[in-house]
Amino acid sequence: MIAIRPYAPADLKTLVALFTAAVHTLGAPHYGPQQLDAWAPRPPDLETWRQRFEAQHTLVAEDALGPCGFVSWRDDGYIDTLYTAPRCARRGVATRLVQAAEDALSAAGVTELSTEASLAAWPFFETRGFEVVEPQTVTRRGASFTRFLMRKENAA
Ligand SMILES: CC(C)(COP(=O)(O)OP(=O)(O)OC[C@H]1O[C@@H](n2cnc3c(N)ncnc32)[C@H](O)[C@@H]1OP(=O)(O)O)[C@@H](O)C(=O)NCCC(=O)NCCS
């Protein structure tokens, strides 16, 4: 059973550990070790994450063992983060989280959703009806990454 609930400040360390594991495990087929280290440095910068979670809407998916994923988005419909714990991958966690984000944005009257999806995530977003607008190359901590700007019309 997976429950969806709002983020609480006490989740910070657990969610950042989940992010780090998701990147280094689920991202590994798509990016090299230097890129993974630049995306998810070890140790992580907890303060940056604390500010990010506080500035956005964040939902946590949880099963009997604890958090197994999270999503965060901005008021303008931009989905900023989406990570599933490796132990929970391909069990519909991200589907539940993004559905909940889309429902909240619909309720707020936001009709256009966007994201910048990694090579690991764009097939997921495609199954949700997002379309690739353009590929992007971004540089983070000295490493260069390919990702895709994607958009979707949200039901009002
Ligand atoms: C992308 C990610 C969030 C997907 O999480 P998930 O909980 O495993 O996704 P779901 O189980 O809800 O997947 C639903 C459907 O999306 C598609 N999908 C999900 N992951 C996929 C993958 N790696 N490759 C191809 N299709 C994928 C499949 O159609 C899947 O349905 P199926 O399992 O019945 O085939 C997760 O793999 C992850 O955290 N990746 C690493 C971090 C990352 O790139 N995050 C996004 C930053 S933009």
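In which loop is aspartate 11 found? In this predicted model, aspartate 11 lies in the loop that connects strand 1 (3–6) with helix 1 (12–26). The residue is buried, its relative accessible area being 9%, and its side chain makes a polar contact, at 2.9 Å, with the side chain of arginine 5.

The next feature concerns the cysteines. The search for disulfides, carried out over the whole structure, returned zero. The sulfur of cysteine 68 has that of cysteine 88 as its closest cysteine sulfur, at 3.6 Å, and because a disulfide requires the two sulfur atoms to lie within 2.5 Å, this separation is too far for a bond. Cysteine 88 is accordingly in no disulfide, with the sulfur of cysteine 68 as the nearest cysteine sulfur. Cysteine 68 has a relative accessibility of 0% and therefore counts as buried, and cysteine 88, with a computed value of 0%, is likewise classed as buried.

Open space was examined through the pockets. Rolling a probe the size of a water molecule over the atoms shows where empty space is left. The largest pocket has a volume of about 1200 Å³, and its lining comprises 46 residues, with Trp39, Leu82, Tyr83, Ser118 and Ala121 lying nearest the centre of the pocket. When the lining is divided by class, 26 residues are nonpolar, 11 are polar and nine are charged. Strand 4, which spans residues 78–84, gives the most to this lining, contributing seven residues.

The pairing of strands 6 and 7 was also examined. Strand 6 (residues 131–140) and strand 7 (residues 143–153) run antiparallel and are joined by nine bridges; within this pairing, threonine 137 has threonine 146 of strand 7 as its bridge partner. The two strands, 6 and 7, form a hairpin in which two residues lie between them, and arginine 141, located in the turn, has a positive phi of about 50°.

Arginine 141 also enters a comparison of sequence and spatial separation, in which glutamine 34 is the other residue: the two are 107 residues apart in sequence, while the distance in space, from C-alpha to C-alpha, is 9.7 Å. Glutamine 34 itself belongs to helix 2 (residues 33–39), and with a relative accessibility of 69% the residue counts as exposed, whereas aspartate 11, discussed at the outset, is buried.

Conventions: Residues are numbered from 1 along each chain as its sequence is written. This is a predicted model: local features need pLDDT of at least 70, side-chain atom pairs count only at pLDDT 80 or more; totals for chains, interfaces and linings use all residues. Side-chain values use heavy atoms; hydrogens and water are left out. On a 1 Å grid over the protein atoms alone, a cavity is a set of points where a 1.4 Å probe fits but cannot get out, and a pocket is an open set with protein on both sides within 12 Å along at least five of seven lines; lining residues have an atom within 4 Å of a point. Grid points are joined across faces, edges and corners, and a volume is the space filled by probe spheres set on the points. Helices (H or I, at least four residues) and strands (E, at least two) are DSSP runs, numbered from the N terminus. Ala, Val, Leu, Ile, Met, Phe, Trp, Tyr, Cys and Pro count as nonpolar, Asp, Glu, Lys and Arg as charged, and the others, Gly among them, as polar. Two strands pair if DSSP finds at least two bridges between them. Buried means under 20% relative accessible area, exposed over 50%, partly exposed in between (1.4 Å probe, protein chains only). A polar contact is a pair of N or O atoms within 3.5 Å; within protein, one must be able to donate a hydrogen and the other to accept it, and residues adjacent in sequence count only if both atoms are side-chain atoms.
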